[in-house]
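Student: Hey, can we go through this protein together? I'd like to start with how the helices pack.

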Amino acid sequence: MTRATGTTGATEQDAAPRPARQRDAFFDNAKYLAIVLVAVGHAWEPLRQGSRAVTALYMLVYAFHMPAFIIVSGYFSRSFDGSPARLRRLLTGVVVPYVVFETAYTLFTRWTSQDPDRPVSLLDPLYLTWFLAALFVWRLTTPLWRLVRWPLPLALAVAMLATTAPSIGHDLDLQRTLQFLPYFVFGLLLRPEHFRLVRRRAVRTLAVPVAACALAVAYWAVPRMDYAWFFHADSAPELGVPLWYGPVMTLAAFGCSLLLVGCFLAWVPGRRTWFTALGAGTLCGYLLHGFVAQAAKHWGWYEPAWVRGTAGMVAATLVAGVVVTALCTPSVRRAFRPVTEPGMAWAFRGTVATGTGSRRAAP
């Protein structure tokens with residue numbers, strides 16, 4: 001990160017860039033594996049009907065893949081202080097991609113005739129762009145969560161109250177933003193030693209039976225529970241249940257998700273692997289794979305009878321993994337950098353710089 005040099009008397013040493021921060025292989029590995037699970041979850045979505053096993057796997061993945069992303073995003077947002085450099089990075093790294101891809105997904109939806117009359121509205125996040133809108137809100141409120149005495153209980157209280165208030169509406173997907181807030185705040189509170197704790201051999205060993213039990217519980221819960229609770233997108237009345245369900249399910253889902261995120265992180269390798277470099281391109285993988293997922297439905301890829309069987313599920317899983325891996329590669333990241341990581345020096349005053357080594361908090 002470089003210092004601003006707009007003041008008179010700044011020395012050459014002040015203007016010299018600092019060495020780029022070394023990327024942590026563990027977090028790049030975690031981001032890549034999580035984005036693969038996101039893509040696989042979207043590939044499984046059309047296969048849920050009539051398959052209890054697929055629905056159980058779907059429920060299990062949705063219980064932790066976005067919480068994992070959000071926790072890591074919170075962890076890397078700890079230094080956000082509202083300074084000009086941080087705000088510039090927030091605008092170029094979150095707001096610009098949101099505007100571009102919200103518009104692109106709206107036009108794509110029109111083309112595929114899913115909603116031919118859908119207007120371009122930046123207040124109504126479409127498909128997976130909700131995460132960028134939410135990240136913008138969470139990041140802006142970071143100084144507040146760093147200031148209050150009990151940030152996590154307060155964030156949980158906000159999420160619990162949100163589930164009781166359908167009047168919040170869905171502008172900027174605020175309902176989902178508030179319900180996922182505790183995971184972001186939890187990430188803000190973490191330190192490197194906390195991640196080292198879950199990577200101990202004993203935790204990795206324990207994670208196996210815990211995950212197996214979680215899958216069994218998910219299979220049992222398929223006909224008994226609405227997995228939409230893990231989407232965190234609707235209030236209790238909108239899900240057709242009594243008001244008090246909302247706060248209870250918020251706490252239950254939070255505990256369940258944290259446990260599964262711990263299992264997931266325990267299995268993430270800490271060394272450099274063949275996919276470590278792909279962790280830097282997960283924002284592209286996240287934003288672009290949705291076009292493929294929607295096109296697959298439009299072009300009838302799920303219509304053949306064999307796709308509804310075991311072979312179809314395996315094929316969908318492999319295709320999703322290969323596609324999102326390709327979209328995370330450095331060449332794709334470079335091609336889309338003008339809209340995912342724009343410099344936009346022309347749009348800002350002075351010589352504020354954000355550095356070349358700072359880590360992205362988005363996927």
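Student: So which hand does the crossing of helix 2 and helix 3 have?
Tutor: That crossing is left-handed. Keep in mind that this is a predicted model.

Student: And at what angle do the axes of helix 2 and helix 3 cross?
Tutor: Roughly 145°, and the axes come within 10 Å. Helix 2 covers residues 25–44, while helix 3 covers residues 52–62.

Student: Which residues make the contact?
Tutor: From helix 2, you've got Leu37, Gly41, His42 and Trp44. Helix 3 brings in Val54, Leu57, Tyr58, Val61 and Tyr62.

Student: How many of those are nonpolar, polar or charged?
Tutor: By class, 7 are nonpolar and 2 are polar, with no charged residues in the contact.

Student: New topic: Thr103. Where is that one found?
Tutor: Thr103 sits in helix 5, which spans residues 84–111.

Student: Is Thr103 buried, exposed or partly exposed, and why?
Tutor: Partly exposed, because its relative accessible area is 25%, and that class lies between 20% and 50%.

Student: What does Thr103 touch further along the chain?
Tutor: Leaving out residues up to four places away in sequence, Thr103 touches Val120 and Leu122. Also, its C-alpha atom is separated by 11 Å from that of Tyr127, 24 residues apart along the chain.

Student: Last thing: what's the mean pLDDT of the chain?
Tutor: It's 90, and 91% of the residues reach 70 or more.

Student: Which elements have the lowest and highest mean pLDDT?
Tutor: Helix 1 (residues 12–15) is lowest at 38, and helix 8 (residues 151–162) is highest at 98. Over residues 1–19 the pLDDT is below 50, and that's also the case over residues 351–361.

Key
Residues are numbered from 1 along each chain as its sequence is written. This is a predicted model: local features need pLDDT of at least 70, side-chain atom pairs count only at pLDDT 80 or more; totals for chains, interfaces and linings use all residues. Side-chain values use heavy atoms; hydrogens and water are left out. Axes are lines fitted to C-alpha atoms, for helices over the stretch in contact, and angles run from 0 to 180 degrees between N-to-C directions. Helices (H or I, at least four residues) and strands (E, at least two) are DSSP runs, numbered from the N terminus. A crossing is left-handed if the near helix is turned anticlockwise from the far one by less than a right angle, and right-handed if clockwise. Contact means heavy atoms within 4.5 Å. Ala, Val, Leu, Ile, Met, Phe, Trp, Tyr, Cys and Pro count as nonpolar, Asp, Glu, Lys and Arg as charged, and the others, Gly among them, as polar. Buried means under 20% relative accessible area, exposed over 50%, partly exposed in between (1.4 Å probe, protein chains only). pLDDT is the predictor's confidence in each residue, from 0 to 100.
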